[in-house]
Amino acid sequence: MTSAVVSEGGSRPWGRLTDYIGLGVVSARFSRDLLEEVLNRAVGREKRSRRLPAHVVMRFVIAMGLFFSESYDEVMRRLVGNLRRLGSWDDDWQVPSKSAITQARQRLGSAPMKLLFERAAMPLAGPGTKGAWLAGRRLMAIDVTSFDVADTEANLQRFGRTRSGPKASAYPKLNLAGLAECGSHALVGAVIGKARDGERTLITDLAGNVGPGMLVLADAGLFSFDGFNRYAATGADLAWRVGSQVSLGNLGWLADGSYLALIYAPGLGEARRARLAAETRNGAEIPADLARLVRVVEYSVPERNPAGELIVVVTTVLDPHDISALELAAAYHQRWEEESVFDEIKTDLRGKGEVLRSKTPELVEQQLWGLLLAHYAIRALLLDAADPAGYDPDRMSFIKGLRVVRRQVTDQAAITP
């Protein structure tokens, strides 16, 4: 490929044309240096110069998330479309064909995109970010969702379908477990699994993304004794809803209306649970493999549920003077912010009912990482706008932010800042 070079004072920049392909405001979040670092760690340095270098393909995969319904060559045109007008276009360079782009994606694989997400997707909220904190703890939520993938034999073998026979899902599906920062709507941890991988199994691999200074929220369907203990061992505080089937050994009421209790390992009989509760009241040490001391907050929300359904949340925050029952009840409902995060990814970015169209599992996972990176970049942009103005970033319109970024890519920022 020829060089796009100019002398000092000229109108054309030095270097290869593809060195100047960028995503505008998204480029600021994933710098060229970061891309090169990730590539060196994931696949090593490229052996020869290509029309589509690996760092360009990484930006292209993120752009696929921004322009999900567009064809591959149209996405590439959007990335380079402004170069000719700016005098940065080599006349002998053509937009690569769909097959050339696919081959470049196959060379890249999914590992660099996964590593880029792990390196770049960090919590965004600062000390002054509205709605992001409770009692000095960063509010986080975990949840699981699913994506339809292209109906190919390779994808079916890798991901599978939900159910079987006449009730089987129309497309193969993958499950995605995600850890979201409630205040910013940024997804900062993700695990990809098969259609039939259990939610409780998937979320265990997210535990490495949490730690001290966080309050992690989860719905009842994700609760298990082992999973709760795994997350608690990270040093993070937890507030997880439990269902009516979870046995709680009440140890005594607290001034704010909550109470201390034991949660038990599965398989313990009623007599054994009662004996553990009695021993704990008498000051005995709790066997970690059999039970855990928690605080329980019970409440209902009549205007949301006239039937008066009881919501039961267990937390590792044992002192009601640290976080009161009322504060914990209000905080638990921040868990629904992750529902909004998934909706932004699956409806606003991907498009409602759309399928991850890559034909092989490796490219499916690559495409999904690109989609998550595109969402993260937009959410980072919205937080950068919200914080100085004193706005709550999760109240800012994601779809409007997406439109701004798409305009930047097409109209103003084909060359990286």
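## A first look at the rings, a helix and a hairpin

Strand β4 is mostly covered, with eight of its nine residues buried. Welcome to this structure, which is a predicted model. Strand β4 is a handy place to begin, since the buried residues of helix α6 pack against β4 as well as other elements. From there, we can turn to the aromatic rings, of which six pairs are found in the structure.

**The β3–β4 hairpin**

- Strand β3 (residues 173-181) runs antiparallel to β4, and eight bridges join the two.
- One position to look up is Leu-179, whose bridge partner in β4 is Gly-189.
- Four residues lie between β3 and β4 in this hairpin, and among them is His-185 in the turn, with a positive phi of about 65°.
- As a general guide to viewing strands, side chains in a regular strand alternate between the two faces of the sheet.

**Helix α6 and its neighbours**

- Helix α6 spans residues 111-120, and its buried residues are Pro-112, Met-113, Leu-115, Leu-116, Phe-117 and Ala-120.
- These buried residues pack against four helices and a strand: α2 (32-42), α3, α5 (98-108), α13 and β4 (186-194).
- In general, an α-helix has 3.6 residues a turn, so residues three or four places apart point the same way.

**Aromatic pairs between helices**

- Phe-60 and Tyr-72 make an edge-to-face pair, with 6.1 Å from centre to centre and 90° between the planes.
- Because Phe-60 lies in helix α3 (residues 54-66) and Tyr-72 in helix α4 (residues 72-80), this pair ties together parts twelve residues apart in sequence.
- Is Phe-60 buried or exposed? Phe-60 counts as buried because its relative accessibility is 1%, under the 20% cut-off.
- Tyr-72 also counts as buried, at 8% relative accessibility.
- Phe-117 of helix α6 pairs with Trp-369 of helix α13 (residues 361-389), so parts that are 252 residues apart in sequence are tied together.
- The Phe-117 and Trp-369 pair is tilted, at 5.3 Å centre to centre and 40° between the planes.
- Both Phe-117 and Trp-369 are buried.

**An aromatic cluster**

- Which residues form one aromatic cluster? They are Phe-223, Phe-228, Tyr-231 and Trp-240.

**Charges over rings**

- Arg-273 has its charged end over the ring of Tyr-264, 5.9 Å from the ring's centre.
- Arg-335 lies over the face of Trp-336, 4.4 Å from the ring centre.

Technical notes
Residues numbered from 1 in each chain as written. Predicted model: local features only at pLDDT ≥ 70, side-chain atom pairs only at ≥ 80, totals over all residues. Heavy atoms only, no water. Phe/Tyr/Trp six-rings, centres within 6.5 Å; stacked < 30°, edge-to-face > 60°. Buried < 20%, exposed > 50% of the residue type's maximum accessible area, 1.4 Å probe, protein only. Lys NZ or Arg CZ within 6 Å of the ring centre and 35° of its normal. Contact = heavy atoms within 4.5 Å. Pairing = 2+ DSSP bridges.
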